[in-house]
Amino acid sequence: MDNIILPYGVSDIKPVKDLDHCCPIKGCDTRIDEYPSREKPKDNSSNDCQKHKIYCRRNTYIYKDKLDNLIIDKELFRSIFEKQNNEKYDKRMGYENSEDALTWNVFVTLKKAGGLKAIASLISDKSCEEEPELILWGYSLKDGSPLEELKSFREDFERQLQIKTEPDIILKTGKGIFLIEAKFCSPNSRKAISVWRDKEINTRTKEKYEPYKIRYKDLIDDVLNKDFIERQNKFCSQLVRYVLYAHDAYKDKNYYIANLLPKMHKEINSIEGEFNPYLKKDTFKIITWEDIYKALENLKGEPEIIVLRKYLQEKTANLKKAFKKI
Ligand SMILES: [Zn+2]
């Protein structure tokens, strides 16, 4: 563990007054003539800091090598996800604000240190004795294989959907299942009802519930409140799909849906009130990255946890300290 180089953190970043048109890392004199807005980063472009191996953006940066954003098991990440040819991991993992990189760093470290049961306990409010299996973005970290029950769910209900249900984090024990939607800087997704329409479901109906009913059949009546949904224009689509999937795959066990947010997230005080009325059963819970940091207290002698705590203390979002009071 001695040779771990952590990603850049608050101690590495220049004071705000010195950030304009230059590399954000202390002591660096690389000038940025022009900030590109959205195009793909290119080597030797005007925002490339060769010394720090990053592309600079206004108030943020992107690692040239996305694996530089990871603190643990980089090769495991590569071996599971690179071969899946999944654009999402390819594109975003190197971003300072990547929620996927944060997720990987925290959960894979917890797995190594036997700390996943602390997260299960946090979500269920009950002490969990069994160390859960970790599944990230649908792949088991045990052997890198895709999760069978998720494959079946997609096959049964989502064959024609371009973007299929993909829980960020699943923790599985014999008794309980924990599905976690992780957010860092971005909001929870809300989609207009129409995005759920596709080749199979193209009836133009004013009713909002019906298109879902056509796709997810009776499953939807089991978990969602029809009257409430009929009154909505936008839909917490990702979270709803987590619940549908959980109920389909794990209805005989206790399942929990958690939204993992930083304390400073815009939705921290509102998402519970917004999302709970969708659901027939009380399965939704918010936890924070700061709660996880606190839960590490009991494990802090472990070498991996020492690295993780330092990483979370130093973690930045848009070049500022990301987590409160840690
Ligand atoms: Zn630099």
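**Exercise 1. Decide whether Gly 27 is buried or exposed in this predicted model, and place it relative to its surroundings.**

Step 1. Around Gly 27 in this predicted model, count the other C-beta atoms within 10 Å, which come to 9.
Step 2. The cut-off for an exposed residue is 12 or fewer such atoms, and Gly 27 is therefore exposed.
Step 3. Along the chain, Gly 27 belongs to the segment before E1; Asp 12 is 15 residues apart from Gly 27 in sequence, and the two C-alpha atoms are 9.0 Å apart in space.

**Exercise 2. Work out which strands stand at the edges of the sheet that contains E1, and how E2 and E3 are paired.**

Step 1. The sheet is open and has three strands in the order E1-E2-E3, with antiparallel pairing.
Step 2. Strand E1 (48-49) and strand E3 (60-63) each pair on one side only, and these two are the edge strands.
Step 3. Strand E2, residues 54-57, is joined to E3 by four bridges in the antiparallel sense, and within this pairing Cys 56 has Tyr 61 of E3 as its bridge partner.

**Exercise 3. Trace the open sheet of six strands, stating the strand order and the edges.**

Step 1. The order of the six strands is E5-E4-E6-E7-E10-E11, and the pairing in this open sheet is mixed.
Step 2. Strand E5 (139-140) and strand E11 (284-288) have a single partner strand each, so on one side of each there is no neighbour in the sheet.
Step 3. Moving inward, strand E4 (residues 133-136) and E6 run antiparallel and are joined by four bridges, with Leu 136 opposite Ile 169 of E6.
Step 4. E6 and strand E7 (residues 176-182) are likewise antiparallel, with four bridges between them, and a hairpin of three residues connects the two strands.
Step 5. Across that pairing, Ile 170 has Leu 179 of E7 as its bridge partner, while Lys 172 stands opposite Ile 177.
Step 6. E7 and strand E10 (residues 254-261), by contrast, run parallel and are joined by seven bridges; Gly 176 stands opposite Asn 254 of E10.

**Exercise 4. Determine how far strands E6 and E7 are covered.**

Step 1. In a regular strand, side chains alternate between the two faces of the sheet.
Step 2. In strand E6 (residues 169-172), Ile 169 and Leu 171 lie on one side, Ile 170 and Lys 172 lie on the other, and all four are buried, leaving both faces covered.
Step 3. For E7, six of its seven residues are buried, and the strand is mostly covered.

**Exercise 5. Check the length of helix H3 and explain why it can be called largely enclosed.**

Step 1. Helix H3 comprises residues 99-112, and its 14 residues should span 20 Å at 1.5 Å a residue; the end C-alpha atoms are 20 Å apart, which agrees.
Step 2. Because 13 of the 14 residues are buried, H3 is largely enclosed by the rest of the structure.
Step 3. After H3 comes Gly 114, which has a positive phi near 70°.

**Exercise 6. Describe how H3 lies against helix H12, and which residues make the contact.**

Step 1. The axes of H3 and helix H12 (residues 303-314) come within 9 Å and cross at roughly 160°.
Step 2. Angles over 145 degrees count as roughly antiparallel, so H3 is roughly antiparallel to H12.
Step 3. The crossing in which H3 passes H12 is left-handed; H3 contributes Asn 105, Val 106, Thr 109 and Lys 112 to the contact, and H12 contributes Glu 304, Ile 305, Leu 308 and Tyr 311.

**Exercise 7. Return to the sheet of six strands in the order E5-E4-E6-E7-E10-E11 and identify what H3 and H4 touch on it.**

Step 1. H3 packs on this sheet and touches E4, E6 and E7, with a direction that makes about 165° with that of E4.
Step 2. Helix H4 (residues 116-124) also packs on the sheet, touching E4, E6, E7, E10 and E11, and its direction makes about 90° with that of E7.

**Exercise 8. Set these elements within the whole protein, giving its secondary structure and its buried share.**

Step 1. The secondary structure comes to twelve helices and 13 strands.
Step 2. The protein has 326 residues, of which 35% count as buried.
Step 3. Among contacts with a separation of 6 or more, 63% are between residues 24 or more positions apart.

Methods. Residues numbered from 1 in each chain as written. Predicted model: local features only at pLDDT ≥ 70, side-chain atom pairs only at ≥ 80, totals over all residues. Pairing = 2+ DSSP bridges. Buried ≥ 20, exposed ≤ 12 C-beta atoms within 10 Å, placed from the backbone. Contact = placed C-beta atoms within 7 Å. Expected span 1.5 Å × (residues − 1). Axes fitted to C-alpha atoms, helices over the stretch in contact; angles between N-to-C directions. Parallel < 35°, antiparallel > 145°, perpendicular 65-115°, else oblique. Left-handed = near helix turned anticlockwise from the far one by under 90°.
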